Amino acid sequence: MPLIKLEDVSKLYGFGDATTLALDEVSLSIDKGEFVAVMGPSGSGKSTLLNVLGLLDRPTNGTYRLQNRLVDRLSQSRAAKLRRDTIGFIFQSYNLLPKLTVLENVALPLTYKGIGATKRFKQASQILERVGMQNREYYYPYQLSGGQIQCAAIARALVNDPSIIIADEPTGNLDSAGSRLVMELLSEIHKMGNTIIFVTHNPELTKYATRVVYMRDGMIIEDEPTMIGEVAKTVRRRLYTQPRMTAEDDLMGVSLLMKAVPDKAVSKSSSSKRTKSKKGTTSRRKRRYQKVKST
Amino acid sequence: MSLRSGYIHTAVATMRTNRWRSLLTMFGITVGVASVIVIIGISQGVKNEITNQVYAYSKNVITVTSKAANLSNFGVPQIPTVSTLTNQDVSSISKIKGVKASVPMIVESGLVTGEKTFRGGVVIATSPDLPSVINQSLAYGSFFSSADTSSDPAVLGYNASSGLFKENVPLGFSFTWRGQTFIVDGVLNSFRATPFSNNTLYNNAIFIPVASAKQLIPGGGSLFQILVRVDNSKDLSQVAARISAALLRNHGGQSNFSVLLPSQVAQNNTGILNLLTELTIGIALISLFVGGVGIMNVMLVSVAERIHEIGIRKAIGASNRQVMSQFLVESTTVSITGGLIGIGLALIADLVLKLSTNLSPSINWEIIVIGAAVSMLIGIVFGSIPAIRAAGKEPIEALRNE
């Protein structure tokens, strides 16, 4: 029985001509104990996927089963309750409340569960010890380094003992030392049996994952298991091997350099060719949207 | 509850960070609550004073007035031009069982000239029993007696005495009214006077015997009221009923008079005061309303500023209701703090009034509790729209808002 089961989940944003298809009939199932890395270029639907998984957003179409329970049409308050009890969030921009101390921030989810002050601060304190932050309990977020703040945020995500931890680019704002600190912590948590889903742009970080999902234009284009401690095969292939030119690429003027994933590199290069490829993307999206409409 | 105290903690922290904004927001509530309490306090103080006076001077006194006297609106006691009461009524009342004494009060205006001309006075024709009926002693001299028919005696109210004569003790001095010369027999002690009560009238009055008045007033004058002292205070209402019955007989079944117990007199006297109080409270309530709108405005701004925070709270599991409670507690904390400051200011104002004026405002704990409750209610009512708005935010949208 998978922990998470998405079937043909689509998500549309906007109205009329501004409609974008953020998720395009995505099917995905994740078992307990998996450590899933989600990769893909900006705008590929990674964050939307995570938001849907984290019950922050509702899919437009399709079904979502969490722990074998249908959750795609939950009311706001039920979703809030489920988020509180089963899901822990880690954000790229940390999202700790600046006016609260680290301890208060970590205890906040317990507050919403209605746990008394003494008990929740004790619990929060224990979790902070687990992430190595016990001597920073009474600091305010602005007094800490990025890596430390993210550790506090991880503690907050853990404090409710969630069955899934969802991290949207947890290392996106961190330097390499901070990234390592955070990823080591996440992998330690994973070893204790937690299910973690995280988005990353950094191919190196697939080393920590047990599975890598690649997304593009709202679809999962590649889904492969990977060994802990090794960079995922697809990434490696794209990183270390020369991509081949196809006739289509030639026609569209896509260079070999642009095909070298990571896609972030593509988006960074600002050649006139890039605009062309983007145009291609848009038209493809539109085609898909029409397809969704007709079904 | 821990959650509630958490909200209050957050609310206080928010208030501290936005100190000026919170203070200015509270201001409306503070002013409103303070003015309502001060006004009620003053009015209550004056009412107490009037009631005390009524009971001091006419504890066992039934007041019979012409209905015309109460025709005026707002319960302001007025001197009627035409009275329905007659001398026959006076004599029937004096015969009723349980009545110790009764005095007619015939009120006439007119220029009175002694050493000086006194313009503020009224002439009241009454009988020798008046001091015993209204329980007031004389400062100097004596009240005219029934035996004293040879000359035209008069007794002066305290202010009338100083208005007519330069002399402090004008006993034996004379003054003229409508061409008739009167000799001052005595001066009444000053009545403790409050606005809107009969005592002001008494202090300015010149009392003369009914017999003298009859010759000078065409038609015998208008019988303003009849004061009736009863033997025993327990019989007050029974005697009042008997008086009513007797007068009904005299008036051929028409009840064009009223028989008032002391408590009713007090009520009548405070009528205009009540009206003024209600008016001013109404204005103060407008200030409270505006204060409430101010709170709503500031809370809406606060919600808009903190959308991201709302997003975070929702992402980690706050339900709509919990987010709503948080903002409601915040607006209520602001309004209650404002209310408490208002109560404090009102108490200070009360003290200042007590020390510097002869008003003695009385603020009782009920008013304070009501003041606090009203400010809390304002926080809840005007905070609810911003709170509902905050609660209704979609978590995703809220998180994106930085």
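## Polar contacts and salt bridges

Between chain A and chain B, seven residue pairs are in polar contact, with both residues at pLDDT 80 or more; such a contact is a pair of N or O atoms within 3.5 Å, where within protein one must be able to donate a hydrogen and the other to accept it, and residues adjacent in sequence count only if both atoms are side-chain atoms. The model is predicted, and its local features need pLDDT of at least 70. Side-chain values use heavy atoms, with hydrogens and water left out.

Zero salt bridges are found across this interface, a salt bridge being a side-chain nitrogen of Lys or Arg within 4 Å of a carboxyl oxygen of Asp or Glu.

## The interface between the chains

Chain A brings 25 residues to the contact and chain B brings 27 residues, where contact means heavy atoms within 4.5 Å. The area buried between them is about 2200 Å², and carbon and sulfur atoms give 58% of this area; buried area is the accessible area (1.4 Å probe) that two parts lose on being put together, summed over both. On the side of chain A, Leu56(A), Gln76(A) and Tyr112(A) lose the most area to chain B, together 31% of what that side buries.

## The nonpolar core

In the largest nonpolar core, which has 68 residues, Ile4(A), Tyr64(A), Leu66(A) and Ile197(A) touch the most other members. Such a core is a set of buried Ala, Val, Leu, Ile, Met, Phe, Trp, Tyr and Cys residues joined through side-chain atoms within 4.5 Å, and buried means under 20% relative accessible area (1.4 Å probe, protein chains only).

Methods: Residues numbered from 1 in each chain as written. Chains lettered and ligands numbered in written order. Buried < 20%, exposed > 50% of the residue type's maximum accessible area, 1.4 Å probe, protein only.
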